[in-house]
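This briefing introduces selected features of the structure shown below. Please keep the structure in view while reading the points that follow.

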Amino acid sequence: MPPLTDSLFPIESPQSPPAAGFALVAVERALDHAPEGLTYLVGQSLAHLPEGARILVPLGRGNQPTAGWIVRKGTDPAEFGASLETVPKLKSILAQDESEAVLPGELLALARWVSGYYACPIGMTLAGILPGAVRKQVGRVTRVFYELAQPQADAESPKLTKRQREALAAIRLMELPAEQVAVLAATGLSSAQTLKRLVELGCLRTSKRTTVEASWSMAAVGSTAAVEPTALQHEVIENIANTFGAFAQHLIFGVTGSGKTEVYIRLIRRCLDRGKKAVLLVPEIALTPQTAGRIVARFPDSRVAILHSGLTAGQRNLMWSLASEGKADVIVGARSAVFAPIPDGSLGLVIVDEEHETGYKQDSAPRYHGRDCAIRRAQVANCPIVLGSATPSLESWRNATKRKTSTLHRLPDRAPGLRVPKVSIVDFAEERRQFRDRRVHLIGPTLADAMRETLADRGQVLLLLNRRGYANYIACADPRCGWTAQCSECDAGMICHQDRIASLQWVRCHHCQAEQQLPRSCPQCGKPVTVFGLGTQRVEEELLGLFPMLEEGKSLVRVDGDTMQTAKHFHDCLARFASLEIRVLMGTQMIAKGLDFPSVQLVGVVSADTALSLPDFRAGERTFQLVSQVSGRCGRGGNPGRAIVQTFFPENPAIRLAAAHDYESFANQELRDREEFGLPPARRLARLTLRDTSEAKALESAQQLADELRSIAAQSKQAAEVRGPQAARIARVSGAYRFEIELQHETAAEISRILAAARSAGLLPLGEHLAVDVDPVS
Ligand code: ADP
Ligand code: ZN
Ligand code: ZN
């Protein structure tokens, strides 16, 4: 880099040698006044550091040395917002960080895109996408190695003591350089004192090596045997493999059990054969030993890195180092694996399984969507991206069928040996009439009979209810009183939970986690309190009553956020289901995905209506996905299996079409509706939420921001629509009032332009009072 003109750097003192240029530096905190990074001078001695290097900079009044990343380098002051007056005031980068970490250029490019697209300052973005364990260098150890300073180091020199001579003689016989512990063992020395002296005398030389240490093992699960692809699978593999070497988007629309994973595995193999690396993103919930182990088993000679939430900090850092040293050939992980530090030029394939999953969306800043980042990552790496799903998101379906920006590949049939489950819809209003008593029933006679048959037949049952707790509505028994249990900090009802064994009931808010005892009597009128509605705990209670042979926690296990607090609980539970110890697995959507157990003969959806009642334009889409995914869990043995879906809305198209396995009709109709009503994906959306404990303050700042956004939007011919502010659906959470502003436009580019302009004007200080969500998923 050529040095800058002298006029810019008039004062040169020994403390500040001439600068070689400028750098934008991202420090890991939200400095919203510098969304693209802070400008620093780069001294001559650090001029060699590339973009992406981790460095230390003086920060704030006290010039506190703070770690950060160089996000851009250059010599033109104008590009760094520097002028003749401001340059002398700039501070200089202090040093390279001792981790010597450097982010690959492709990763940095992706991070810059995330920062811009999701309107999140670059420092906050990097802090959000790089694992904390990497920044803190957990598990990093430095070892000292010894070798001879000169090949003929004289072990007979009279200058040396006897002990030193003997040590040197022993060292000469070793394979060098050798690590300190090995040297001590070979020489019989008890401390490194003598070795240090030999270094000072010029006989030995030391070097240091830093490695990340953590234990790492991933057992292969299942058979390593490859199946022969069907003609259709083969065609999909060939068509996608033909696009290797350049950016191309593909959507595999294949029913559950159609062999999509088999296609991914073959494509990864082809990618590795070309000497490139592959990334496979899966939903967190699918990172079970089952899926991950299956991949590991199929690549016995390659290094497969599995990034899941159960890793220790040291293991996470180890994975990161392996990836950045180019030692991991395949990286399998949840959404954050899209940010694996694969060396530039070596990524050859990105795959996103179950691309419709909302779990790919990060719910804290930067609020990125893992799938969209994966598309961007493939673009930066110039390689193909493959999205796969049995129920593609409408965004991806539209890209493949209308916009034709991606190629659609269909796998309409289940893999050989798998049968299509028969799905029956049960009208629950009808079923209820068959009960003679007036008690609440959640399992109707049709589902109960099918369960009885399946259990008698030694089959297994999966039961889904997407709502945890015991009951979701707590009210005064007297309807004229009207009291209901509400959270004191949130505008939301409390959910009843119970501990059956201790026979205790209490209420909890699912928004702020506040808990209290279930009131015995109505605080307004003293009459008794009743609980209504659904929850997994209530289903569990009913099942134990219906099927005396089921044992709680043994043959019947409930899977939800309350019982499965860590990934390990869930993994253990799946292992027990695989061993047939568990006969009935009942729970929330955690059990709807990716499970592949051949003895599941019956799947029951206790209520398909839990999502339908939400005021969300994606309610139909979510319901369709849930019903299709869960019914795809059976029919994996030789037996076709059946699914029973209980609903009060048997005519609802989402439920009817899911039961008929007709995704295309559903998606096409839903897309037409979204276009008609101007909803995503036909239009793009960004939501800004303002929060404050004072309602007036929250509203006032929301009003101001909305006005500013309107005037920015008006600068464009095809102005975006700015809606609001309006109170959020749940207007108060944890004591904070929330108002929302929505930005809508046909193009993502215009939304980005407005957000960028607002950000440069300092209007978007993300944090406690403001959240920006581009392409929100709920
Ligand atoms: P998906 O990912 O689409 O749900 P999988 O790839 O998990 O489907 O395949 C479902 C089951 O079918 C797996 O047990 C898999 O081993 C098997 N399978 C996939 N492709 C074939 C094939 N060509 N021949 C025989 N079995 C297959
Ligand atoms: Zn609350
Ligand atoms: Zn009352």
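## Backbone features

Ala 119 is placed in the loop that lies between α1 (105-117) and α2 (122-129). The model is a predicted one, and the points below treat its backbone, its two zinc sites, a glutamine in a strand and the surroundings of ligand 1.

**Positive phi angles**

- Ala 119 has a phi near 50°, which is a positive value in a residue other than glycine.
- Ala 119 counts as buried because its relative accessibility is 2%, and buried means under 20%.
- A positive phi, of about 55°, is also found at Asp 775, although this residue is not a glycine.
- Asp 775 belongs to the segment after β30 (770-774).
- With a relative accessible area of 14%, Asp 775 is buried.

**Cis peptide bonds**

- Leu 176 and Pro 177 are joined by a cis peptide bond, for which omega is about -5°.
- Pro 177 is located in the loop between α4 (162-172) and β7 (178-179).
- A cis peptide bond also runs from Gly 724 to Pro 725, where omega is near 5°.
- Pro 725 is part of strand β28 (residues 721-733).

## The zinc sites

**The zinc ion named ligand 3**

- Which protein atoms are the donors of the zinc ion (ligand 3)? They are the SG atoms of Cys 476, Cys 481, Cys 522 and Cys 525, which lie 2.2 to 2.4 Å from the ion.
- The arrangement around the zinc ion (ligand 3) is tetrahedral, because the four donor atoms subtend angles of 100 to 114°. Four donors count as tetrahedral if all angles lie between 85 and 135 degrees.
- Along the chain, the donors of the zinc ion (ligand 3) follow the spacing C-x4-C-x40-C-x2-C.
- Distant parts of the chain are linked by the pair Cys 476 and Cys 522, which are 46 residues apart. Cys 476 is in strand β18 (residues 473-476), whereas Cys 522 is in the loop between β21 (515-517) and β22 (529-532).
- Cys 476 and Cys 522 are both buried.

**The zinc ion named ligand 2**

- The zinc ion (ligand 2) is coordinated at 2.3 Å by the SG atoms of Cys 487, Cys 490, Cys 509 and Cys 512.
- Why is the arrangement around the zinc ion (ligand 2) tetrahedral? The reason is that its four donor atoms subtend angles of 104 to 112°.
- The donors of the zinc ion (ligand 2) follow the spacing C-x2-C-x18-C-x2-C along the chain.
- Cys 490 lies in the loop between β18 and β19 (495-499), and Cys 509 lies in the loop between β20 (504-508) and β21, so this pair ties together parts that are 19 residues apart in sequence.
- Cys 490 is buried, since its relative accessible area is 1%.
- Cys 509 also counts as buried, at 0% relative accessibility.

## Contacts of a strand residue

- Gln 498 is situated in strand β19.
- Is Gln 498 buried or exposed? Gln 498 counts as buried because its relative accessibility is 11%.
- The side chains of Gln 498 and Gln 505 make a polar contact of 3.1 Å.
- The side chain of Gln 498 is also joined to that of Glu 541, by a polar contact of 2.9 Å.

## The surroundings of ligand 1

**Residues of the shell**

- There are 19 residues around ligand 1, and those that come nearest are Glu 228, Gln 233, Gly 257, Lys 260 and Thr 261.
- Helix α8 (residues 260-273) supplies the largest share of the shell around ligand 1, namely three residues.
- Sorted by class, the shell around ligand 1 holds six nonpolar, seven polar and six charged residues.

**Backbone atoms beside the ligand**

- A polar backbone atom of Ser 258 is 3.2 Å from an oxygen atom of ligand 1.
- For Gly 259, a polar backbone atom is 3.0 Å from an oxygen atom of ligand 1.
- For Lys 260, the distance between a polar backbone atom and an oxygen atom of ligand 1 is 2.9 Å.
- Ligand 1 taken alone exposes 560 Å², and the protein buries 81% of that area.

Notes:
Residues numbered from 1 in each chain as written. Chains lettered and ligands numbered in written order. Predicted model: local features only at pLDDT ≥ 70, side-chain atom pairs only at ≥ 80, totals over all residues. Heavy atoms only, no water. Near = heavy atom within 4 Å. Polar contact = N/O pair within 3.5 Å; in protein donor to acceptor, adjacent residues only side chain to side chain. Areas by Shrake-Rupley, 256 points an atom, 1.4 Å probe, with all protein chains shown as cover. Helix = DSSP H or I, 4+ residues; strand = E, 2+ residues; numbered from the N terminus. Nonpolar A, V, L, I, M, F, W, Y, C, P; charged D, E, K, R; others polar. Donors = N, O, S within 2.8 Å, 3.2 Å for Na, K, Ca; no water. Tetrahedral: all angles 85-135°; square planar, octahedral: opposite > 155°, others 65-115°. Buried < 20%, exposed > 50% of the residue type's maximum accessible area, 1.4 Å probe, protein only.
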